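Thanks for coming. I will take this one in pieces, starting with the strands, then the helices, then the cysteines. Please have the sequence and the structure open.

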Amino acid sequence: MGPDHNDRLWYRQEAGCWNEALPIGNGRLGAMVYGGARLERLSLNEDSLWSGNPSFYGQEDAPKYWAEARELAARGEYIKAQELLEEHCTGLWSQMYLALGEADIAFAHAGEISGYTRALDMSRGVHTVSYTAEGVRFTREAFASFPDQVIVCRVTADKPGSISADISLRSALDAVCRVRQDYIDFDGSCPGVKWIYRDFQRSDAKMEYSASPESQGMRFCCRLAVKRAGGKTESAGAGLRIINADELTLVIAARTSYNGWDKHPVLQGKPYIAPCIEDAEKALNTDYPELLRRHEADFAALYGRCSLDLGEGPLTHKPTDERLYGHENGIKDNSLYALYFNFGRYLMISGSRPGTQPMNLQGIWNSSVRPPWNCNYTININTEMNYWPTLAVNLAECLEPMERLVSEVCESGKRTAKVYYGLNGSCAHHNTDAWRLTTPVGAKCHGSASFANWPMGEAWLMRAVWEKYEYLDDIDYLRDEVYPIVLENARFFNGLATQDEEGKWILSPATSPENVFRLEGQAIAVAKWSTMTQELAYDIFDMFLKSSKLLGADAELADEIRPKFENLRLPDTGKYGELKEWNENFEEWDVHHRHMSHMYGLHPGHRISPERTPELANACRVSLERRGDESTGWAMGWRINMWARLKDGDHALKLLDNQLYTADGRNPDVSYASGSRSGGTYLNLFDAHPPFQIDGNFGALSGICEMLVTTDDDGSVMPLPALPESWRKGSVHGLRVKGGRTVDIEWDRDNDIVLTVYGKDGSMSITHMAF
């Protein structure tokens, strides 16, 4: 039985660029498959391949200057406060996530190619290409196996002796390539990166391969091994030549010396060459049908947990690019939303597995050794957004890398809290990397305070593990995994909090991530307090007080924090009826700014809702209307969630429609900031910031889940809280909700809603509801 039309991406032409290629992955290894008939290219990644090594960027007397900036902000001298913070309270930038290399298979096809298709079967995690050349039908399959930890590509033909190809493997990093009878490999090293700063709008990185082991970067090995039936293999320069084979199987393995965030990858690195060779040889000695069977069983077990059906439309059975073009030309096809929903789930399974690194700005797929924003973990929205839908779509295992990141950042952040603020507890700023950087970046650049001087990144990461506790309803998980991190964050905020002139508790000075206001003709970020900072303080204090009470732990600290929590400064409305972003009604520099950080209490937080806080919810509505419906890809994804929380399904759908407008993947460096149209979706369904960022895919997936189900304050399940009018009939199966429950929902606007809830105790209840 073939895949459902909403489980399959397919095209009648090969990829013309990286943003048209299709992703495969096993959480650790990733590849973008171009699917060319004459030239197949696999752009390769390994999730732990980062530049640099463990480093700490301290600033002498930073706590003193932070305190001075607090006093300046209290007096309204925001420009001086910002200048002080940028000069004395910023460090160096994060390291880079690096492309591993490329594998090419150049086929010896003469004449025309006909009957071409390429496809990604998301239900199996298998990429296929098929076409006819010189009267022979060729078929290729490619997948990234989690059970066998390799990438596999198989080539077959319906006529024996028809497969001839040149195979090569290369890397843009410092690597030595070797060619043998049945394999190609390279053994290489990553650079240490030293930054050359001018200002943050134009910064360069110097890639250094030091002779000193202390300054050297990650080691890595990649092997491409070949097994054929029939024909022969010859060496061909820096590659292999396959001549007249009947079948051809390629196995790609890769390993690095990464041994943890706090271990030097050279001086304390783990073995990487022998494990790489072992992965390749083990897979090569396994029959292809068995490799495929193990991969499919593993992948389908996760993918099959959840499904969405919104019916068929006029373009349902068309190629994916035609469906996207039809959508932006006004052809209504609800099944496109289901396809996009499934693609998000596919990316989660392919990009994040137990034991791997968490997904960065591009998941695990990156073609560059100088990627945008270093392809790092941007923890003032983007990394968190990557994991928003994980629990809802029943993929709790895929959250494990994020849970480990939060724990490791917490450990790293203890030093940052002490060095930069003179406080106990733990904190992180807006970037981290494989070495769990927690210090502020910015390097004294003018304007960097807008993103750098924001010690709230760890607090936001914390919500991911807190929500897992709420979904699992597991007191042991709370005690063992969540509480130790909540405790360190509560200690830090308790020490950071100060009282304003009215006796309210604030965290000061403060910024609102990456946003600025007008002051004396300048773009200024630093205020006395910001709504975002106060909401995160509310979140952490609330989590701590609840868990402290449940666990009977740290009562003395709870008694100290409780009055601060109860008298915490919380936001009100501004002069336009909007939710105020800073302590004063400053004029926004860009009213359409991509970040909506001040509405954190609406989403992903839960303090604001139309039912409990209608005035604040309406203020969020005004803020969203002022921000507008066009923005970067991920920012539109966030807006979908917010409109869903406001119970406005039609407006949420409008944002989803905007996000599904096609972006130009062949000009990926065209940026939203340059004045081009807002972000959207590339033809391979990757989110366009632009350039590609994976967070928008997950933000939209989360938004669809928010449209379909939520839980009330009393724990009861609310089906279809923000259902668009045009989704008149459909079903969703396998969504998770808080309390350890799973739900199925079927609906027909002309009939009723059928809600089935499966309890964690094995119980089942079925409820019929009228629209």
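Which residue in β17 is the bridge partner of aspartate 166? It is arginine 241. Before going further, please note that this is a predicted model.

Aspartate 166 and arginine 241 belong to a pairing of β10 with strand β17, residues 239-245. The two are antiparallel and share five bridges. Strand β10, residues 163-170, also pairs with strand β5, residues 101-107, through six bridges, and that pairing is antiparallel too. One position to look up there is isoleucine 105, which has isoleucine 167 in β10 as its bridge partner.

Stay on isoleucine 105 for a moment. In β5, isoleucine 105 is also the bridge partner of glutamate 40. That takes us to the pairing of β4 with β5, where six bridges join antiparallel strands. Strand β4 covers residues 39-46 and is mostly covered, with six of its eight residues buried.

What does β4 form with β3? The answer is a hairpin, with five residues between the two strands. In the turn, glycine 35 has a positive phi of about 75°. Strand β3 is residues 29-33, and five bridges join it to β4 in the antiparallel sense. Within that pairing, methionine 32 has serine 43 of β4 as its bridge partner.

Now the open sheet. How many strands form it? There are nine, and their order is β1-β6-β7-β8-β9-β18-β15-β12-β11, with antiparallel pairing. Why is one side of β1 and of β11 left without a neighbour in the sheet? Strand β1, residues 8-11, and strand β11, residues 174-179, stand at the edges, and each has a single partner strand, so there is nothing in the sheet on the other side. On average, neighbouring strands in this sheet are turned by 15° against each other, direction ignored.

As an example from this sheet, take β7 and β8. Strand β7, residues 126-133, runs antiparallel to strand β8, residues 136-145, and seven bridges join them. Alanine 133 stands opposite valine 136 in β8.

On to the helices. Helix α1, residues 62-74, packs against helix α2, residues 78-88, at an angle of about 170°, and their axes are 8 Å apart. Angles over 145 degrees count as roughly antiparallel, so that is the term for α1 and α2. On the α1 side, the contact residues include Tyr65, Trp66 and Leu72. On the α2 side, they include Tyr78, Leu84 and His88.

Much later in the sequence comes helix α17, residues 695-708. Its 14 residues reach 20 Å from the first C-alpha to the last, close to the 20 Å expected at 1.5 Å a residue. Is α17 mostly covered or mostly open? Helix α17 is mostly covered, with 14 of its 14 residues buried.

Last, the cysteines. How many disulfides are there? The count comes to zero. A pair would need its sulfur atoms within 2.5 Å. For cysteine 221, the closest cysteine sulfur is in cysteine 276 at 3.7 Å, which is too far for a bond. For cysteine 89, the closest is in cysteine 427 at 12 Å, again too far. Cysteine 89 is buried, with a relative accessible area of 2%. Cysteine 221 also counts as buried, at 2% relative accessibility.

That is the end of the tour.

Methods. Residues are numbered from 1 along each chain as its sequence is written. This is a predicted model: local features need pLDDT of at least 70, side-chain atom pairs count only at pLDDT 80 or more; totals for chains, interfaces and linings use all residues. Side-chain values use heavy atoms; hydrogens and water are left out. Two strands pair if DSSP finds at least two bridges between them. Helices (H or I, at least four residues) and strands (E, at least two) are DSSP runs, numbered from the N terminus. Axes are lines fitted to C-alpha atoms, for helices over the stretch in contact, and angles run from 0 to 180 degrees between N-to-C directions. The expected span of a helix is 1.5 Å times one less than its number of residues. Buried means under 20% relative accessible area, exposed over 50%, partly exposed in between (1.4 Å probe, protein chains only). Angles under 35 degrees count as roughly parallel, over 145 as roughly antiparallel, 65 to 115 as roughly perpendicular and the rest as oblique. Contact means heavy atoms within 4.5 Å.
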